[in-house]
Amino acid sequence: MAQQYILEMRDITKVFPGVKALDNVKLCVKPGTVHSLMGENGAGKSTLMKILIGIHPPTDGTIIYKGRKVTIENTNRALNMGISMIHQELSPILHRSIMENIWLGREPIRGPLGLINHRKMYDMTKLLLKDLELDLDPREKMGNLTVAKMQMIEIAKAVSYNSDIVIMDEPTSALTSREVEHLFKIIEELKNQGKAIIYISHKMDEIFRISDEITVLRDGQYIGSYPAEELDQNKLISLMVGRELNEMFPKVKCEVGEVRLEVKNLTVEGVFREVSFTVRRGEILGLAGLVGAGRTEVIETLFGIRNKTSGEVYIDGKKVDINSPKDAIKNKIALLTEDRRHTGIFPMLTVKDNTVIANINKYIKKNRLLNHRLIREDCEEYKRAMRVKTPSIEQKIQNLSGGNQQKVLIARWMLTDPDILILDEPTRGIDVGAKSEIHCLISKLARQGKSIIMVSSELPEILGMSDRVMVMYEGRMTGIVERGDCDQEIIMKYATGSMSCKGGNFNECGCN
Amino acid sequence: MNVAATKRMIGKYGIYFVFVIMVIAMSFASPVFLSARNLLNVVRQVSVIGLISLGVTLVIISKGIDLSSGSVLAVAAVVAASLGQSGDWHAKMFPELPQLPVIFPLLAALTIGLICGAINGTLIAKTGIPAFIATLGMMVSARGLALLYTDGRPVSSLTESYRYIGQGYILGIPVPVIIYLFMVFVTWVLLNHTKFGKSIYAIGGNIHAAEVSGVNVKRNLIKIYAYAGLLAGLAGMVLSARVNTGQPGMGVAYELDAIAATTIGGTSHSGGIGTIGGAFVGALILGVLNNGLNLLGVSAYWQQIIKGSIIVGAVVIDMRKNAKKN
């Protein structure tokens, strides 16, 4: 009986207007196991899960749940059947409390009038949070939590349904490593209770750490299901992309020139303090640290989005005063923001418009109208150079995959011809194939003599791409490590504050 | 109390402070203002707009808008009035109709409001057209319906029991005030202590989150607009009873006053934020403003300019308050 499946999805086909998103896909999950669903972006993982949770109806195919054939018309049905999901997109209701978020749609009720039992809701939440070792007040507003804590609440919510199947779509994308450990403990616990977890992640080490079985999809096709121990990273990647992948981190050795950017004692009161570093011509400076360490804040200050309390910034030895993004752009700094969807793309606009929008002045003719011919030429050129996969530059950018959207954004900033390029999580949520292409691109830019600051939460990326790595911990910079001296362990030590440099003298770093 | 806590208090209850300050200022400026008679008068004057704004508050919290309230009020008023005319009136709309108890026109007004609102909600939920468009359509059509029904004429001379709803007193308190306060309470319970209320906040705060949490978004949208329509219908009943006539031209632009009251009360048009207490005080602020400026002899033209500025000012302050948090 132990081999009995709790869920069998067979011959699932899903056709969206014009696209066959899933083609005869199969997924069979055993109770008490972690089943990872792998594939590049656009492979159909999320679509398959949306069918399972009742957001999309399948065009064709059967779902057998606990031995019975079922149809899942809506999310409510799925939840009632015992299937819950942690969604990839964070979806909290920011202005409401933790407890209202968790019990939304199934609030405990008392009395004949159907009024909500707030006390019970509070107690239930308290208990749930305690079980998951989350020290939070159920009445706290969601909007006051950090992104990581919000994610933990989403996880708590999914667990609270007491479901037999919990789908986790990229649950760790916003978590610090401590919280990831916490999540894995929760997963272990759920497994022991005989529940099945369907796990989606781009992070290979996670997949191999927790999976029992792995199902691979590619371009909407079912590739196969394998016991996790039969696969290794390379095998899995080649199954996912259908080809042997080029080197993941195509770091090209290049001439590192003189110092271009120098930051001295940069401080924003209450956020981070006394951050100093330099970036040279052709150098990639990695910026590592846990979520919430202040990395994004540092580069936002550098770019003029935040106002500094004190500190100085020098470019090519000259002191500059950057108080707004406009100043930054004038000083030839470009910033690729962390959140592509909110602060990057204009989803309804075309690839072309998205490419030129930061540099539109270049295309204004003498008669004040736009030079469309030149715009098209430039866009086509960058489309080729960046290898953007799109049928045409007139395509709306929202129809492109995440990786290709990112390439367009890089093109947008390259058009402004920056000297200093700041990349905040340049490959977050991007599949492996496109990832290596973007890494290629970054390397190429460094070779052209650009100075690059790259913030990343993925250590392999930091280690693979950077010439030097600066590590932050709780608003302080704890170390700067040269490429040769760098490994995962050292960075984690700095990033967790167990090692730091004293007195700002980063030549003499040691353990505390 | 330390400074930060004070600031937070002012941030949270700012609109209530503004109200209190206004009342204090007015009572110094005009000796008549603070009399019980005048204060009850203020509440009675805002009760019609206030009733509408309760429904509009729910709508705006759900990130919608309702432009049809004034027209729906008119339809409800003329239909109710046509069922509530005195038996001896020579120009009855339905001469054959016997004199009916007040419950009939009342139910008619409520039903009509409910149906109009439900149509709004259904259009928005099922076709996905923006609330602005759906309710704009209802605003124009319902006004036409009111004109069609009455052939453009007023429906007057209502029964005594009908008029009581707009003109009567219970224990010295005007009946419209009692109805308004009762509905404030009912709506407050609805919004804060029922599943429906939580769903409204969820839909306005993050519609996708509501959907994936198993909230039936479509059905709730229909309920929200139906409730707003119901209140507009009730307001139509109260207003026609108060002026002893149902006119097809009643309530023009009332929806805008109701939206203003809601907005002054701190309900955010970006959805997910808003309170009934705020809507109540927002309506009272409008009322005190009207009343006070009248007592002070400020011209009606200036009153409009002041009112407009206050609406915009309230939102600016609100935006700043919310921006600081982020």
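Two residues are taken to be in contact when heavy atoms lie within 4.5 Å. With that in mind, the interface is a good place to begin in this predicted model: 21 residues of chain B are in contact with 23 residues of chain A. The area buried between chain B and chain A comes to about 1800 Å², and carbon and sulfur atoms give 60% of that area. On the chain B side, the residues that lose the most area to chain A are Lys195(B), Lys198(B) and Val212(B), which together account for 33% of what that side buries.

Polar and charged pairings also cross this interface. Between chain B and chain A there are 7 residue pairs in polar contact. The elements of chain B that give two or more residues to the side touching chain A are helix H7 (175–193), helix H8 (195–205) and helix H9 (207–212). Of these, H8(B) gives the most, with 5 residues. Sorted by class, the side of chain B that touches chain A has 8 nonpolar, 9 polar and 4 charged residues.

Across the interface of chain B and chain A there is 1 salt bridge. The partners are Glu100(A) and Lys198(B), whose closest N and O atoms are 2.4 Å apart. Lys198(B) thus appears twice in this account, as it is also among the residues of chain B that lose the most area to chain A. The pairing has a further member, with Arg96(A), Glu100(A) and Lys198(B) linked in a network of salt bridges.

Turning to the layout of chain A, the domain assignment gives domain 1 (7–241), domain 2 (246–332 + 418–503) and domain 3 (349–416). The C-alpha centres of domain 1 and domain 3 of chain A lie 36 Å apart.

A closer look at chain A can start with Ser456(A), placed in the loop between strand S20 (451–455) and helix H16 (459–465) of chain A. Ser456(A) has a relative accessible area of 1%, and because buried means under 20%, this residue counts as buried. The side chain of Ser456(A) makes a polar contact with the side chain of Glu461(A), at 2.7 Å. Beyond the residues up to four places away in sequence, Ser456(A) touches Leu287(A), Ala288(A), Arg295(A), Glu425(A), Glu461(A) and Ile462(A).

Chain B offers a buried serine as well. Ser240(B) is found in helix H10 (residues 217–243) of chain B, and its relative accessible area is 0%, so Ser240(B) is buried. Leaving aside residues up to four places away in sequence, Ser240(B) touches Ala77(B), Leu158(B), Tyr162(B), Thr245(B), Gly246(B) and Met250(B).

Further along chain B, helix H11 (residues 254–264) is mostly covered, with 8 of its 11 residues buried. The buried residues of H11(B) are Glu255(B), Ala258(B), Ile259(B), Ala260(B), Ala261(B), Thr262(B), Thr263(B) and Ile264(B). Just after H11(B), Gly266(B) takes a positive phi of about 90°.

Over all chains, the structure holds 25 salt bridges. Side chains of opposite charge can pair when their charged atoms come close. One such pair involves H11(B): Lys307(B) forms a salt bridge with Asp257(B), the closest N and O atoms being 3.5 Å apart. Because Lys307(B) lies in helix H13 (residues 300–325) of chain B and Asp257(B) in helix H11 of chain B, the pair ties together parts that are 50 residues apart in sequence. Asp257(B) counts as partly exposed, at 24% relative accessibility. Elsewhere in chain B, the side chains of Asp151(B) and Arg153(B) meet in a salt bridge at 3.5 Å, N to O. Both Asp151(B) and Arg153(B) are exposed.

In chain A, Glu377(A) forms a salt bridge with Arg373(A), and the closest N and O atoms are 2.9 Å apart. These two residues are 4 residues apart in helix H13 (residues 372–386) of chain A, so Glu377(A) and Arg373(A) are separated by about one helical turn. An α-helix has 3.6 residues a turn, so residues three or four places apart point the same way. Glu377(A) counts as partly exposed at 41% relative accessibility, whereas Arg373(A) counts as exposed at 52%.

Technical notes: Residues are numbered from 1 along each chain as its sequence is written. Chains are lettered from A and ligands numbered from 1 in the order in which they are written. This is a predicted model: local features need pLDDT of at least 70, side-chain atom pairs count only at pLDDT 80 or more; totals for chains, interfaces and linings use all residues. Side-chain values use heavy atoms; hydrogens and water are left out. Buried area is the accessible area (1.4 Å probe) that two parts lose on being put together, summed over both. A salt bridge is a side-chain nitrogen of Lys or Arg within 4 Å of a carboxyl oxygen of Asp or Glu. A polar contact is a pair of N or O atoms within 3.5 Å; within protein, one must be able to donate a hydrogen and the other to accept it, and residues adjacent in sequence count only if both atoms are side-chain atoms. Ala, Val, Leu, Ile, Met, Phe, Trp, Tyr, Cys and Pro count as nonpolar, Asp, Glu, Lys and Arg as charged, and the others, Gly among them, as polar. Domain bounds come from an automatic or database domain assignment. Buried means under 20% relative accessible area, exposed over 50%, partly exposed in between (1.4 Å probe, protein chains only).
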